[in-house]
Amino acid sequence: IHVQSSSANEYALEFDKLDDALKSCTKPHKLLIINSPNNPTGRMLEPTFLKSLADYCRKHNIIVMSDEIYAKVSYGSVPHESLAKYYPEGTIILGGLSKHLSLGGWRMVKAIIPKNMSQLTKVINAIASEIWSAASAPIQYAAVTAYSQDTEIESYVDSCVSLHTARSTYIWEQLTDLGIRCPQPQGAFYMMPDFNQYREGLAAKGINNSKELANYLLKTYSIATLPGQAFGLADSELALRLSTSFIDLETDTAAKDVLTHWQGGMSFNELSKQKHPNTATMLKAFKGFIEDIKS
């Protein structure tokens with residue numbers, strides 16, 4: 001059951017929408033899944049909201065699965081806090097290696113389960129034993145190193161997060177300068193612009209939903225996005241998810257070159273001119289696209 005959100009309120013999680021979802025749920029046991037920092041919007045759940053959400057879930061006896069795999073990739077505008085801080089007895093925390101450590105594909109997930117859910121732990125172990133035996137040995141060794149609190153690793157993560165912050169903020173600023181409405185990302189490496197204000201111009205090109213919009217941008221402007229439909233948004237929402245993590249970093253050499261110059265103190269405006277040609281091409285293509293549908 002999706003808890004509905006929209007671009008009008010920057011995809012915020014709202015209690016009246018939670019109420020609607022709760023009314024639709026007929027099962028005796030209820031599980032809410034949240035994700036902060038968020039994929040696809042880059043938004044975060046603020047501490048004041050988490051306190052209220054804890055009270056709400058406690059009142060309605062809702063278990064929460066809190067996906068915090070982007071926890072260390074937050075931009076500082078909103079501090080990352082886990083719901084478990086306010087609702088420890090009802091929150092399961094999920095995390096992993098692949099995001100903040102740049103280990104995409106090294107799939108090792110960790111789960112922190114409250115002590116009072118010991119029965120759940122037994123059930124999960126029983127299911128897991130029938131599906132997989134263990135993470136592969138290379139991934140286990142990588143995890144031991146990754147979670148060792150090594151200062152060099154922590155420094156690397158901090159550098160990457162600062163670069164993600166600069167890249168995402170820069171792209172967001174450029175898009176909003178074009179008149180594209182987009183909630184400002186606060187973490188992870190995603191953003192969710194919407195094009196509802198251009199509905200008439202898009203309809204003239206036969207574009208009436210986010211899937212058609214994503215296909216049009218890919219075929220006409222070589223801009224790869226994901227449609228809002230893929231994330232549970234209504235068909236009427238002309239929204240797309242953009243990922244800022246991979247542009248101009250397609251090879252290890254390119255990624256190392258960008259990171260080295262960033263760590264050396266190069267400003268992002270200068271870095272974007274010298275080391276981000278695809279980003280510049282993408283933004284130029286978006287400008288052409290907006291001018292086209294306006295006309």
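This briefing covers the overall build, the nonpolar cores and a set of individual residues.

The model is predicted. The protein chain carries ten helices and seven strands. Its radius of gyration is 21 Å, which agrees with the value near 19 Å expected for a compact globule of 295 residues. The largest nonpolar core holds 37 residues, and another core, of 16 residues, lies apart from it.

**Overall build**

- The C-alpha atoms fill a box of roughly 60 × 50 × 35 Å along the principal axes.
- Of the 295 residues, 43% count as buried.
- Contacts reach far along the sequence. Among those between residues at least 6 apart, 69% join residues at least 24 apart.
- The protein chain exposes about 16000 Å². Carbon and sulfur atoms supply 53% of that area.
- Charged side chains number 28 positive and 30 negative. The centres of the two sets lie 3 Å apart.

**Nonpolar cores**

- In the largest core, the residues with the most contacts inside it are Ile171, Leu175, Phe195, Leu202, Leu213, Phe286 and Phe289.
- Several elements each supply at least two residues of this core. Among them are helix 5 (151–177), helix 7 (210–221) and strand 7 (240–243). Helix 8 (252–263), helix 9 (268–275) and helix 10 (277–294) do so as well.
- The other core, of 16 residues, includes Leu18, Leu32, Tyr56 and Tyr87.
- Phenylalanine 286 belongs to the largest core. Leaving aside neighbours within four places in sequence, Phe286 is in contact with Leu175, Leu178, Ile180, Phe195, Leu217, Ile223 and Leu242. Two of these partners, Leu175 and Phe195, are also listed with Phe286 among the residues with the most contacts inside the core.

**Backbone features**

- The peptide bond from serine 36 to proline 37 is cis, with omega near -5°. Proline 37 sits in the loop between strand 1 (30–35) and helix 2 (47–60).
- Tyrosine 11 has a positive phi of about 60°, although it is not a glycine. Tyr11 lies in the segment before helix 1 (15–24). Its relative accessible area is 11%, so Tyr11 is buried.
- Glutamine 149 also is not a glycine, and has a positive phi of about 60°. Gln149 is found in the loop between helix 4 (137–146) and helix 5. Its relative accessibility is 68%, so Gln149 counts as exposed.

**Strand residues**

- Valine 109 is in strand 4 (residues 109–112). Val109 counts as exposed because its relative accessibility is 63%.
- Leaving aside neighbours within four places in sequence, Val109 is in contact with Gly95 and Gly96.
- Val109 and alanine 143 are 34 residues apart along the chain, and their C-alpha atoms are separated by 10 Å.
- Serine 243 is found in strand 7. At 27% relative accessibility, Ser243 counts as partly exposed. That class lies between the buried limit, under 20%, and the exposed limit, over 50%.
- Leaving aside neighbours within four places in sequence, Ser243 is in contact with Phe189 and Tyr190. The C-alpha atoms of Ser243 and Phe189 are separated by 5.9 Å, although the two are 54 residues apart along the chain.

**Loop residues**

- Histidine 100 lies in the loop between strand 3 (91–96) and strand 4. His100 counts as buried, at 12% relative accessibility.
- Not counting residues up to four places away in sequence, His100 touches Ile69, Lys72, Val73 and Val157.
- Glycine 179 is in the loop between helix 5 and strand 5 (190–191). With 30% relative accessibility, Gly179 counts as partly exposed.
- Leaving aside neighbours within four places in sequence, Gly179 is in contact with Gln197 and Tyr198.
- Gly179 and lysine 287 are 108 residues apart along the chain, yet their C-alpha atoms are separated by 9.5 Å.

Definitions and conventions: Residues are numbered from 1 along each chain as its sequence is written. This is a predicted model: local features need pLDDT of at least 70, side-chain atom pairs count only at pLDDT 80 or more; totals for chains, interfaces and linings use all residues. Side-chain values use heavy atoms; hydrogens and water are left out. Helices (H or I, at least four residues) and strands (E, at least two) are DSSP runs, numbered from the N terminus. The radius of gyration is taken over C-alpha atoms; the globule rule is 2.2 Å times the number of residues to the power 0.38. Buried means under 20% relative accessible area, exposed over 50%, partly exposed in between (1.4 Å probe, protein chains only). Contact means heavy atoms within 4.5 Å. Accessible areas come from the Shrake-Rupley method with a 1.4 Å probe; for residues, only the protein chains shown count as cover. Lys and Arg count as positive and Asp and Glu as negative; His and the chain ends are not counted. The place of a charge is taken as NZ of Lys, CZ of Arg, CG of Asp or CD of Glu. A nonpolar core is a set of buried Ala, Val, Leu, Ile, Met, Phe, Trp, Tyr and Cys residues joined through side-chain atoms within 4.5 Å.
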